[in-house]
Amino acid sequence: MKTQLLLFALLFSIIGNAQFLDKLAKKAEDAAKRTVERKVEQKAEKTTDKTVDKVLNPKNKSSKKDKKNKTIKTAKDFESGTKVLATEDFSQDAIGDFPVNWSTNSSGEVVTFSDDKTKWLQLNDNGNYTPNHIKKLPENFTFEFDLYSADDFSFYSTAFKIGFIETKKKNDYTQWKEFQSGKEGIILSLHPQLAGTEIVGGSGFRVIADGSELMNNNVELNSYNNNQNTAKIQFWRQNNRLRMYVNGEKVWDLPNAFQDANYNSIVFFTHGYYEKKDKYYISNLRLAVAGEDTRHKLIETGSFSTNEILFDTNKATIKSSSATVLEELATALKENPKTKISITGHTDSDGKETDNQKLSEQRAESVKNYLASNFGIEKSRMTTNGKGETEPIAENKSDEGKKQNRRVEFKIIK
């Protein structure tokens, strides 16, 4: 009987274990199926996402290797004029005095700082300041100066302003104020702190013609602010065009800033300082005649004539001093790759007329070869000819007149 019971128990155990193993196998099989299903779903989701992305963003690149970043190309910027007309560093003025070569309707004084031997003119409240020794502004000039504003300059203090103006009477420079204008002038402003907690400066301009405002604008400025409160300010006039640079950054480029007026004076002016410590200071002024804007004149007017391309006497060999103007011409041609030009040589009347004719042709050809070999300008874009001494623009009786006649003329071929 005991033996039968033991056999029954053993049989029951074997059956139970078999059922348990079957259930375990079933669970394992179900788990495996769910894993496969999840992987299939995940793959399907990825495929769907890629498909949707292609539909919504058809321009997306499939590989980072295919992506090409654009590179900004810009032309050469500010160049100081070489013929200096006026300078001012206040070296002849005593500390504490107002400079002898200046006029004002307020007050100011020459100062220095403990960490710098530079002399600065401190501009006080509600004042206009003009350098008396600047009485004419050429059609092509550069004007530069250093500007310093007190540390932590308040937003509530008004902007520093500079104007290129027309004056007919001695005190016409006093007409320019915060809320008042003279008859003809271009006013530009600088402030080291705009409204808000972010440290950022600002600049603006106004063009006044016949007593009315023609245009104005304002921009934020990162090159001059309360963190960088000393700045090199530079202006470049080319006929009607005015460019302004602050610490090398081009802030304004105004093609039609100068109007039909006799701009002959420069004025600096302030309005009110909110805090007593707030002050503007200027130093190291420099006014110079600038060269013609070759790049813009050729493209915008279709022609450009220059006597800055120099040759050895009675030869077509270009002198090294001609490099600057030729580089500017090459820049203009590179920026406008479809432009074709004619190059014409001219001479003075010294020597035989037949020799001058031949020399003018050779010099035009030398310019063409120079632009091709040094800057890669295709020769097919340039034609040459010479006019010898037949088209003078000045009398050949003086050295200055002969210099003007020895020129190279460029014209766009349409």
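**Group meeting: strands, helices and two asparagines in a predicted model**

Let me begin with the contacts. Among those in the protein chain between residues at least 6 apart in sequence, 69% join residues at least 24 apart. I should say at once that this is a predicted model. The protein chain holds five helices and 19 strands. Of its 414 residues, buried ones make up 40%.

I turn to the open sheet. Seven strands form it, in the order β2-β5-β14-β7-β8-β9-β10, and the pairing is antiparallel. Which strands lie at the edges? The edge strands are β2, residues 102–104, and β10, residues 212–221, each of which pairs on one side only. Ignoring direction, neighbouring strands of this sheet are turned by 20° against each other on average. As a general reminder, strands of a sheet pair through backbone hydrogen bonds, either parallel or antiparallel.

Let us go through some of the pairs, starting from the β2 edge. Three bridges join β2 to β5, and the two strands run antiparallel. Within that pair, S103 stands opposite T130 in β5. On the other pairing of β5, two bridges connect β5 with β14, residues 265–269, again in an antiparallel arrangement. There, Y129 has F268 of β14 as its bridge partner.

Strand β5 deserves a moment for its side chains. In a regular strand, the side chains alternate between the two faces of the sheet. In β5, N128 and T130 point one way, while Y129 and P131 point the other way. Are these four residues buried or exposed? All of them are buried.

At the β10 edge, nine bridges join β9, residues 201–209, to β10, and these strands run antiparallel. One of the bridge partnerships here is that of I208 with E213 in β10.

Next, the loops. Most residues other than glycine have a negative phi. Two asparagines in this model call for comment on that point. N126 has a phi near 45°, a positive value in a residue other than glycine. Where is N126 placed? N126 sits in the loop between β4, residues 116–123, and β5, residues 128–131. With a relative accessible area of 45%, N126 is partly exposed.

The second case is N247, which is not a glycine and yet has a positive phi of about 50°. N247 belongs to the loop between β12, residues 241–246, and β13, residues 249–254. Its relative accessibility is 30%, so N247 counts as partly exposed.

I now move to the helices α3 and α4. Two packed helices are described by the angle between their axes and the distance between the axes. Helix α3 covers residues 323–335 and helix α4 covers residues 353–375; their axes come within 10 Å and cross at roughly 70°. That crossing makes α3 roughly perpendicular to α4.

Which residues form this contact? From α3 come A323, L326, E327, A330, L333 and K334, and they meet V367, Y370, L371 and F375 in α4. By character, the residues of the contact divide into eight nonpolar, no polar and two charged.

Taking α3 by itself, the helix has 13 residues and reaches 18 Å from its first C-alpha to its last, close to the 18 Å expected at 1.5 Å a residue. Its buried residues are V325, L326, E328, L329, A330, A332 and L333. T324, also in helix α3, is partly exposed, with a relative accessible area of 41%. T324 lies 8.9 Å from E308, C-alpha to C-alpha, and the two are 16 residues apart in sequence.

Helix α4 has 23 residues, which at 1.5 Å a residue should span 33 Å; the end C-alpha atoms of α4 are 33 Å apart, and this agrees. The buried residues of α4 are N356, L359, S360, R363, A364, S366, V367, K368, L371 and A372. What do these buried residues pack against? Their partners are α3 together with three strands, β17 (340–346), β18 (382–388) and β19 (408–413). Just after α4, G376 takes a positive phi of about 75°.

To close, I would return to two pictures: an open sheet of seven strands with antiparallel pairing, and the helices α3 and α4, whose axes cross at roughly 70°. Thank you for your attention.

Terms used:
Residues numbered from 1 in each chain as written. Predicted model: local features only at pLDDT ≥ 70, side-chain atom pairs only at ≥ 80, totals over all residues. Heavy atoms only, no water. Axes fitted to C-alpha atoms, helices over the stretch in contact; angles between N-to-C directions. Parallel < 35°, antiparallel > 145°, perpendicular 65-115°, else oblique. Contact = heavy atoms within 4.5 Å. Nonpolar A, V, L, I, M, F, W, Y, C, P; charged D, E, K, R; others polar. Expected span 1.5 Å × (residues − 1). Buried < 20%, exposed > 50% of the residue type's maximum accessible area, 1.4 Å probe, protein only. Pairing = 2+ DSSP bridges.
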